[in-house]
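Open the model in your viewer and set the side chains to sticks. The tour goes from the core to the cysteines and then to the rings.

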Amino acid sequence: MTTVDNEGIFPSLTPDYILAFQFSNWYPSFARVSPKSTIIRPLGKDFKHHLESDSIFVPEGSEDVFAEKTLAAIPLESTLSDDDGDDEREDTATAGDHFSFPELDERIRSVIREYKAVFPKLNFSSPKDASWVLLASSPLKCTSPADVYLLLKSSDFITHDFSIESVFDGCGTENLPVYELELVLRKWYPVDSSREVRCFVRNDILLGITQRDTNFYDFMINAETQKTIKTTVYNLWEEVVRPNWNFPQKDYIFDLLLTRDLSGGHVIDFSPYAPRTDPFLFTYEELHEVLSKAVQDASARRTFLPELHVIESPLHPSATQSMPAYQHNRVPIEALTLSEGRNIVEFGEIWQEEVTRAVGEDDD
């Protein structure tokens, strides 16, 4: 485990500080200003084994309307799991491992009945990088347990939450607390990405605001719009976020979804003020300079804070208008089809055979 050399740019990382950002720890204080959410725990070891297994399949009994609303070519494979001999199991499942979670399936269905549709995440991470596995018209929208499992299983982002070492990386201590996975089901609704912002708080000072979606939006370059966003975010922080952040360390990053008229917003998530959290249009060095200026000139702080960074032109280096989000996480549909019932070694062999066959046909 590494220790962060923060040089004043980052706060000291401790296990207690990191755990403040676990969903179940911050959500109760912000439930009234955050999308409705249900936390399911404990999950059991087999749930983690399923997510870590190297085949693409969903557990038996979880399908519901799965085949009608997701990629039709994705295979469904499952049989009952065996809970015996947990101590003897490997960290990742093999081709002989099969899974079924009837109790968890029913809890997920119960939440879906209440919310109509859900978006899942784990303790810290959400599977936004796997949105491509569900319908493009309703990204991340889950209406069955199978959707939830498939979305989680297709994500690289959530693997951060599997290991206690990765969760507490940078804390520089071997005395780590007990940590167990939790499944969070949030009420799904369409999100206008242009209104998502990330906000940075250091030493109890709101330093900056940045677009989360790095596309160009012309309304964002309007001076009055920028003033409105800064005022709204500052007021939300001062009146809602700041008084309800009930943890001793006042260094954190929070995400907001602003209302259509930009006069209010909803708290979406909190993240540690640490290198692992994407600063988007800022760098942490820039934020540290803003902090230094604010500390030196406390009386004038409100006149220049928070700073707002937006994509000011379609030619901005960070603009990705023509590039699908998380495209590096996507795989060809043929890869999903060929993965049916196979572990990673078997899949690799048959994939190579298909590539060789395709090359031969091109030569002909």
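This is a predicted model. Begin with the largest nonpolar core, which has 91 residues. Select Leu-183, Phe-254 and Phe-270: these have the most contacts inside this core. Next, colour helix 8, residues 223–244. Helix 8 supplies the largest share of the core, seven residues. As a general point, nonpolar side chains in soluble globular proteins tend to be buried together.

Now centre on Leu-183. What is Leu-183 in contact with, leaving aside neighbours within four places in sequence? Show Thr-38, Ile-39, Ile-40 and Leu-43, which are among its contacts. Add Leu-104 and Ile-108, then Pro-120, Lys-121 and Leu-122. Val-148 and Leu-152 complete the list.

Move to the cysteines. How many disulfides does the structure hold? Zero. Select Cys-171: its relative accessible area is 10%, so Cys-171 counts as buried, the cut-off being under 20%. Then select Cys-199, which is also buried, at 0% relative accessibility.

Turn to the aromatic rings. The structure holds 26 aromatic pairs. For one aromatic cluster, select Tyr-17, Phe-21, Phe-23, Trp-26, Tyr-27 and Phe-30 together with Trp-245, Phe-247, Tyr-252, Phe-254 and Phe-270. Phe-254 and Phe-270 are familiar from the core stop.

Finish with two charges over rings. Zoom to Arg-202: its charged end sits over the ring of Tyr-273, 5.7 Å from the ring centre. Then go to Lys-293. Which ring lies under its charged end? That of Phe-304, with the charged end 4.3 Å from the ring centre.

Technical notes
Residues numbered from 1 in each chain as written. Predicted model: local features only at pLDDT ≥ 70, side-chain atom pairs only at ≥ 80, totals over all residues. Heavy atoms only, no water. Core = buried A, V, L, I, M, F, W, Y, C linked by side-chain atoms within 4.5 Å. Buried < 20%, exposed > 50% of the residue type's maximum accessible area, 1.4 Å probe, protein only. Helix = DSSP H or I, 4+ residues; strand = E, 2+ residues; numbered from the N terminus. Contact = heavy atoms within 4.5 Å. Disulfide = S-S within 2.5 Å. Phe/Tyr/Trp six-rings, centres within 6.5 Å; stacked < 30°, edge-to-face > 60°. Lys NZ or Arg CZ within 6 Å of the ring centre and 35° of its normal.
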